[in-house]
Each structure stands twice: as structure tokens, then as C-alpha cells.
Amino acid sequence: MQKPKGTYDVYGKYGENIQYLEKLLSALMEKYHYEFVRTPIFEASSLFHRGVGETTDIVSKETYDFKDRGNRDMTLRPEGTAGVVRSFIENKLYTRANMPVKTWYYGPMFRYERPQAGRFREFYQFGVEVFGSESAMMDAEVISIPVTFFRLLGLKGIKVKINSLGDKETRENYREALKKHFAPYLEDLCSDCRERFEKNPLRILDCKVDKEKECMVHAPKLSDYLSETAKAHFKEVQQYLDALNIEYEIDEHLVRGLDYYTYTVFEVEADIKDFGSNNVLCAGGRYNHLVENLDGPSTPGVGFALGYERILNAIEAEQIKLDNENQVDAYIIPLSEHEKTDAFQLTQTLRMNGFTVETDYLNRNLKGNFKQADRLNTKFVILIGENEMKDHIYTIKNNQTKEEYQIDQDYIVMFLDEKLEETVLEEEHSCCHGDHHCDGKNHCQCHHEHE
Ligand code: ATP
Ligand code: MG
């Protein structure tokens, strides 16, 4: 049996890395004060047809569709926005007094694409959707989330690209201008673009095949068609980004694949040598008509989504070591069959006191247990033998320095607490070589790169 094409299993280091990403994202969302939401993995197919748009690649070629046993047309969600918007409307979140409603989600998405590096059929996204604010500050805040996340991860090679698609009127006028411009060049364009010319000419600019062509480079510029309101809004977004020290590039050809965007659109690209062509780490924008299009009350929105797999590729490409060493605080070894139950009990007690604890499940001998403790990256080994049981004094061994201690049962928790704190401090000092001031607890204050 083999996994389906374009999917992958998670285990080992990859799993630890994903958990690290999710913890970081969840902590970040707490600081930004966003609300966690979760929507079904499948929805009525019509939601995506109306919400994402019939002419998009996602809906026209990439969906996983099925009929359920009640003969209803269902689709595995290809993206998160449509479901979150549906939920916003269905649960009447628009009636809340505390606007804007700022939400975040993560989970698997499904698209029937040709699998390759950074492109899967089941992939994971983290995203945010914010409802009820037209402010350019909101656009800048949403853009700042992935940028801050990448900074926290230590990713350096990133490039933020922004553009404005303007309002409905802008799009209409620009659409006409593009049709006029591309009409004489239809023969030169790829078959996809010829189809886009009919259905959604804006998306010709999005084409990866025709990108370099003469008629593409000289296409009318969207910025010449922006209304005064759209221009002012875009200017403000830039001012807010400047205020947050976020560098960006204005890319006039950035239109994004989805039909629902208005005003700001953005992408964050991996700008790393040899990264490959699937280098868009995250993408998003403002969608002021989507809630209305899905039969909700007119409500502005803005959001983005990022793909886990490409982030992990970027981390690997920049050889960033995530700070997620999987270490065991204590490994409990019973010296014979008689102490097995007590060792098992102590394992549980120490876990309940906040330590990461392992014990022997395979009846290993002493040497085998010490080997296993090493394999698991154990900091302290606790031995329980006949004497230990009788006197309630345990032998605890520092697995790195091999120092040994005899500790009364009642003081084990205190002892481990103190000793583990000491090892953390030593590790932190080693990063600044003790030359600089360390705050002694959490993070080294030396501002030098941690080694
Ligand atoms: P692309 O142009 O690369 O196909 P997209 O425009 O289809 O991307 P979005 O729908 O905007 O992408 O999704 C946002 C993010 O989700 C992307 O920037 C990418 O990181 C990730 N993503 C999209 N499709 C896939 C996929 N098939 N496999 C892995 N990640 C993906
Ligand atoms: Mg795509």
C-alpha cells in the first residue's frame, strides 16, 4: 500500500518542525489578538464556485469533487477563505459589537495539481481573515503577520510584493484596456491566456508562460486606472508598512489568481538562491465584496494564507536550525523487576510536575538503559534499586557530566527544577561566551547571533 500521489506522511524531525511552526503561529496570533476558527474540510461545491470564482485555476481544474451518499455535490476545500466567510455569515458574526472580527485558521487544503517541490495535492495552510474594517492599517497589519513570523523564524531571504487592484470601477476600466491591448497579440499568447482573454483578462498578467513576452511587458499599467479613493488607500497602506519598517516592492503585474480581490493584493516570496519556481510563500489581499457575493451583508475583508511546506523548504534552504531540540529531562531506570512499578509511578509523578520523562518499556539491562537514555538525549538518569526503595534516597546522574547525586524522594522535584535551570543558563552563556550581560533567565541580551 502506498500513499496517494501528491501527499506526504509526517514523522520524526518534520513533525517536530511543524509543531514548532504551529506553536509560534499560535503564540503570534495571541499577541495580535486574533480568534481561532475551524471550518469543515468539505463544503458544498457551490461555495467554492461562487466564493473563489469559476474562472480560477483552483475551481476550474484543481478541485477534489465528490458526491456524498445523499447525492449532494461536495468539494474538499482547496483554500480557507470561502469556508471562513461562509461561517462568518452563517453564524452571524457580523452582528457582533466588537468589530473588526479578526480570525485565524490552519489545516489541510486539497488541490489536484501536478506534484513537485513545494506543490502537493494535500498541503497545509495557515491563514487569517479579518472582517469589518476598510482601514489601510488593517491591510498593513495583515501583511505584517507573515513578515513578523518569518523574522521570528530567522528567515532572511524574503521579498514582499504589493499592488492595488482598485475598486470595481478600476477593474472594469482596466479590463477593457487590457482587452484592447491584447486583442492583436492573441496568436502569440499561450492557450490558457487566450481563454483568460475571454473570461478574465486581468489574469493574463499572472501568466508564468508568457511573462517575458513583448506584449506583456508593454501592457497598460493598472496604476493608470486606479480611482482617487483606490490611490489614496494604496498610499496609506504603504505609509503604514513604512511605519512598521517593512520593506516592500510594488509589482504592477501582481494580480493574484483569485477573483475576489479588491484594493490591496500582496505576496511574500522566498528570495533564496536555487529555491525553485514555487517560491511564493504566502499570498493575500483585500476582498470588499466577497461577503456580499456569498449573500451576507456588505462587509469589507482582508486576509492571507501561507503554505507550511514552502516555509519548511525555505528554512532548510537557509540552513536555519529551529530551536526545538527534543530532549528528555529524566529517564527512570528500575534496577530489577521489583522496582518496575515504582519506576513507572515516579515517571508519572515527575511528568505531572512538568518534566519530560521516559522509562524502560523493553526490560533492558542497565547498560542497555543507559544507551537508550543517550539516544533520547536525556539530561538526568534516575536509578531505582532495592536500597533506594528502602531508604527513599535515589541516585540521580547528570547524563552529560556524569556527576552523581543521592537525593531524598521528597526533594527530587526541587532538585530537578534547580539543576535543569542551571543547564539552561549554561547553554545561554555559551552563546555569548559570557562576555556580555545575560539577563540570567530567559534570553541572552547580547544581541549577537546565537550560535
Ligand atoms: P501558486 O501560484 O504557487 O500555485 P497560488 O496562487 O495557487 O500559488 P494561493 O491559493 O494564494 O496560492 O495559496 C497561498 C499559499 O499556499 C501559496 O503561497 C503557497 O505557499 C501555498 N500553496 C498553494 N498551493 C499549494 C500546493 N499545491 N502545495 C503546497 N503549497 C501550496
Ligand atoms: Mg496555484
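In this predicted model, the C-alpha centres of domain 1 and domain 2 are 44 Å apart. The domain assignment builds domain 1 from two stretches of the protein chain, 12–167 and 227–317. Domain 2 covers 328–445.

A long separation also appears between two individual residues. His 338 sits in the loop that links β12 (328–334) to α12 (340–352). Its C-alpha atom is 60 Å from that of Ile 143. Along the chain, His 338 and Ile 143 are 195 residues apart. His 338 has a relative accessible area of 70%. The cut-off for an exposed residue is over 50%, so His 338 counts as exposed.

Ligand 1 has 18 residues around it. Those that come nearest are Arg 111, Glu 113, Arg 119, Phe 120 and Arg 256. Polar side-chain atoms of three of these residues can be placed against atoms of the ligand. For Arg 111, a polar side-chain atom is 2.8 Å from an oxygen atom of ligand 1. For Arg 119, an N or O atom of the side chain is 2.8 Å from an oxygen atom of ligand 1. For Glu 113, the partner is a nitrogen atom of ligand 1, and the distance to a side-chain N or O atom is 2.6 Å. On its own, ligand 1 has 590 Å² of accessible area, and the protein covers 89% of this area.

The shell around ligand 1 can also be described by residue type. Eight of its residues are nonpolar, seven are charged and three are polar. Several secondary-structure elements contribute to the shell. Strands β6 (122–131), β10 (280–286) and β11 (301–307) each supply at least two residues, and so does helix α11 (308–317). The largest share comes from β10, which gives four residues.

The cysteines were examined next. A search of the whole structure finds zero disulfides. Cys 190 is in no disulfide, and its nearest cysteine sulfur, that of Cys 193, is 3.8 Å away. Cys 207 is likewise in no disulfide. The nearest cysteine sulfur to Cys 207 is also that of Cys 193, at 3.6 Å. A disulfide needs the two sulfur atoms to be within 2.5 Å. The distance of 3.8 Å therefore rules out a disulfide for Cys 190. The distance of 3.6 Å therefore does the same for Cys 207. Both residues fall under the 20% cut-off for buried residues. Cys 190 has a relative accessible area of 15%. For Cys 207 the relative accessibility is 4%.

Two further residues belong to regular secondary structure. Asn 17 lies in helix α1, which spans residues 12–32. Its relative accessibility is 17%, so Asn 17 counts as buried. The side chain of Asn 17 makes a polar contact with the side chain of Asn 324, at 3.1 Å.

Met 74 belongs to strand β4, made of residues 73–76. Its relative accessible area is 11%, so Met 74 is buried. The C-alpha atom of Met 74 is 4.6 Å from that of Ala 44, although 30 residues separate Met 74 and Ala 44 along the chain.

Conventions:
Residues are numbered from 1 along each chain as its sequence is written. Chains are lettered from A and ligands numbered from 1 in the order in which they are written. This is a predicted model: local features need pLDDT of at least 70, side-chain atom pairs count only at pLDDT 80 or more; totals for chains, interfaces and linings use all residues. Side-chain values use heavy atoms; hydrogens and water are left out. Domain bounds come from an automatic or database domain assignment. A residue is near a molecule or strand if one of its heavy atoms lies within 4 Å of it. A polar contact is a pair of N or O atoms within 3.5 Å; within protein, one must be able to donate a hydrogen and the other to accept it, and residues adjacent in sequence count only if both atoms are side-chain atoms. Accessible areas come from the Shrake-Rupley method with a 1.4 Å probe; for residues, only the protein chains shown count as cover. Ala, Val, Leu, Ile, Met, Phe, Trp, Tyr, Cys and Pro count as nonpolar, Asp, Glu, Lys and Arg as charged, and the others, Gly among them, as polar. Buried means under 20% relative accessible area, exposed over 50%, partly exposed in between (1.4 Å probe, protein chains only).
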